[in-house]
Amino acid sequence: MAHVNPTPGSQSSLREANRGRIVDALKFHGRLTQVELAGATGLSPATVSNIVKELAAAGVLHTSTSTRSGRRAVQVTLARQLGLVAGLHFSSRHLRVAISDTARTIVAETHVPLAADHRHDSELDRATLLLTDMVESLGASLSDLLAIGVGLPAPVDIRSGMVAPLGLLRSWEGIDIAESLSLRTGAPVFVDSEANLGAIAETRGDLSRIEGVAAYIRVGHTISAGLVVNGVPFRGMTGKAGQIGHITIDENGPICRCGNRGCLETLAGGRALLDLFRSDPSVQRLSDLILRAEDGDPSSSRVIADAGRHIGIAAASLCNLLDPDRIIIGGELAETGEILIAPLRHALERSALGGTTEAPEVTRSTLGDRSELMGALALAIEHVALDAEGRLLENA
C-alpha cells in the first residue's frame with residue numbers, strides 16, 4: 001500500500017517531524033543519551049523517551065544502558081542493521097579506508113601508502129578495489145554501501161566538487177571526485193577537505209562543547225585548518241577557509257606550491273622539515289623524524305619545536321580573526337605532543353590579542369591519525385537519507 005503523507009499541521013505530521021529531528025540529531029552527533037537528545041532537539045524528555053521506544057521497536061534505533069556522572073542513562077544510536085557506509089582519507093602519503101555501520105562502529109579498516117604525486121584515476125581505481133574486497137569480506141557488495149565520505153589533502157569547492165585552488169593537489173585538479181568515484185562504485189559519494197573532516201570528528205563527540213568556535217589544525221606533510229562554528233564546518237565561499245598553511249610568514253621566503261613566497265607550509269610543513277635532513281640517510285620519511293624527536297634527538301626536536309613556533313604565530317592571526325575558544329592540533333606531527341605543541345602554545349599566547357588571559361585552549365587531537373577517517377564516515381552517515389519511520393530513501 002502506498003505511503004500517505006500526513007496533513008501538514010496535524011498531530012501525525014508533528015510526530016513525524018519530531019521523529020525526523022531525533023534521527024537527524026543522531027546522524028549528526030552519532031551517540032547521545034536521551035537527556036542529550038532532548039537538549040539537542042528541543043523536545044521534552046517525555047516526547048524523546050516515547051519516540052525512542054517507538055523507533056527502537058521498529059528497528060530504527062538501538063538503545064543501551066550507560067552511566068553518566070554516576071547516574072543511569074539510556075544511550076541511543078542509529079540501529080546497526082540499517083546498512084553500511086565507507087570513509088576514505090587520501091592524505092599526502094597514505095590512503096586510509098574504513099567501513100562502518102550507521103552507528104559508527106567500524107567493521108573493516110585498512111591503509112596503504114601513496115606516492116608523493118599520486119594521480120586521481122589510479123588511486124580511485126585502487127580505492128574501489130579495496131572497498132570491493134572489504135565489503136565482500138563482510139559478506140556484502142558495493143551495492144550495499146549507502147554512502148561514501150572522502151577526505152582530500154586540499155580545499156574542495158562544494159559547489160563543483162572539485163579541488164578549489166590550482167597547485168595544491170596536482171593530477172586531482174579539474175575533476176569532480178564525487179562523481180568519478182560514484183561511477184566506479186555505484187554509491188553516492190561526498191567529498192570535503194581532510195581538515196574539515198578532522199574538525200568534524202574532533203568537535204562533535206562532546207555535546208557540552210558543541211557551541212562556540214573551534215579550529216582543528218592538521219600538521220603533516222601539508223598544513224591546513226578546519227573551522228567549526230557551533231558544530232558546523234565553516235568552508236567559506238569556495239571551500240578555501242582555513243588554509244592556514246598558506247599564511248605568509250616570510251614574504252621573501254621560499255616559493256610555495258601555491259605560487260606565493262614564504263607560506264607557513266614552506267617553513268613548518270613536513271616536506272620543508274625533511275629537506276633540512278636531506279644529507280642524512282636515516283631521515284627519509286616524516287615518521288623517521290618523529291621517532292628521532294621522541295627518542296630525544298636534539299636536532300630533530302629543535303626542528304619540530306621551530307615548526308611549532310611558526311604554526312603558533314600563524315594560529316595567532318587565525319585567533320585575531322575568528323576568536324576561537326579552542327584549537328585542536330592533529331596530523332602526523334601532533335604525535336610528538338608537547339615537543340610541537342608547547343612552543344606553538346607559547347608563540348600563540350605571545351602573538352594573539354589579549355595574550356595569555358584570552359588565549360584559546362590548545363590540545364592534541366583525541367582521535368590521533370584516525371580523525372579524518374572518522375570525519376569521512378560521519379560525512380557519509382550525515383547523507384544517508386532516512387524518512388521519519390527509518391526507511392531508506394534515495395540519497396540526497
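I began just after helix H3, where I looked up Gly 59, which follows the helix and has a positive phi, near 80°; helices here are DSSP runs of H or I with at least four residues, strands are runs of E with at least two, and both are numbered from the N terminus. I note that this is a predicted model, in which local features need pLDDT of at least 70 and side-chain atom pairs count only at pLDDT 80 or more, while totals for chains, interfaces and linings use all residues. Residues are numbered from 1 along each chain as its sequence is written, and side-chain values use heavy atoms, with hydrogens and water left out.

I then checked H3 itself (residues 45-57), whose 13 residues reach 18 Å from first C-alpha to last, close to the 18 Å expected at 1.5 Å a residue, the expected span being 1.5 Å times one less than the number of residues. Its buried residues are Val 48, Ser 49, Ile 51, Val 52 and Leu 55, where buried means under 20% relative accessible area with a 1.4 Å probe, protein chains only.

Next I traced an open sheet of 5 strands in the order S6-S5-S4-S7-S10, with mixed pairing; two strands pair if DSSP finds at least two bridges between them. Strand S6 (106-113) and S10 are the edge strands, each pairing on one side only. Within the sheet, S4 (residues 84-90) and S5 (residues 94-101) run antiparallel over 7 bridges, and Leu 88 stands opposite Val 97 in S5.

At the S10 edge, I found 5 bridges joining S7 (residues 145-152) to S10 in the parallel sense, with Val 191 of S10 as the bridge partner of Val 150. S10 (residues 189-193) is mostly covered, 5 of its 5 residues being buried.

Finally I looked at helices H6 (residues 194-203) and H12 (residues 371-382), whose axes come within 7 Å and cross at roughly 85°; axes are lines fitted to C-alpha atoms, for helices over the stretch in contact, and angles run from 0 to 180 degrees between N-to-C directions. The two helices are therefore roughly perpendicular to each other, a term that covers 65 to 115 degrees. Their contact (heavy atoms within 4.5 Å) involves residues including Leu 197 and Ile 200 of H6 and Met 374 and Leu 379 of H12.

Technical notes: Parallel < 35°, antiparallel > 145°, perpendicular 65-115°, else oblique. Buried < 20%, exposed > 50% of the residue type's maximum accessible area, 1.4 Å probe, protein only.
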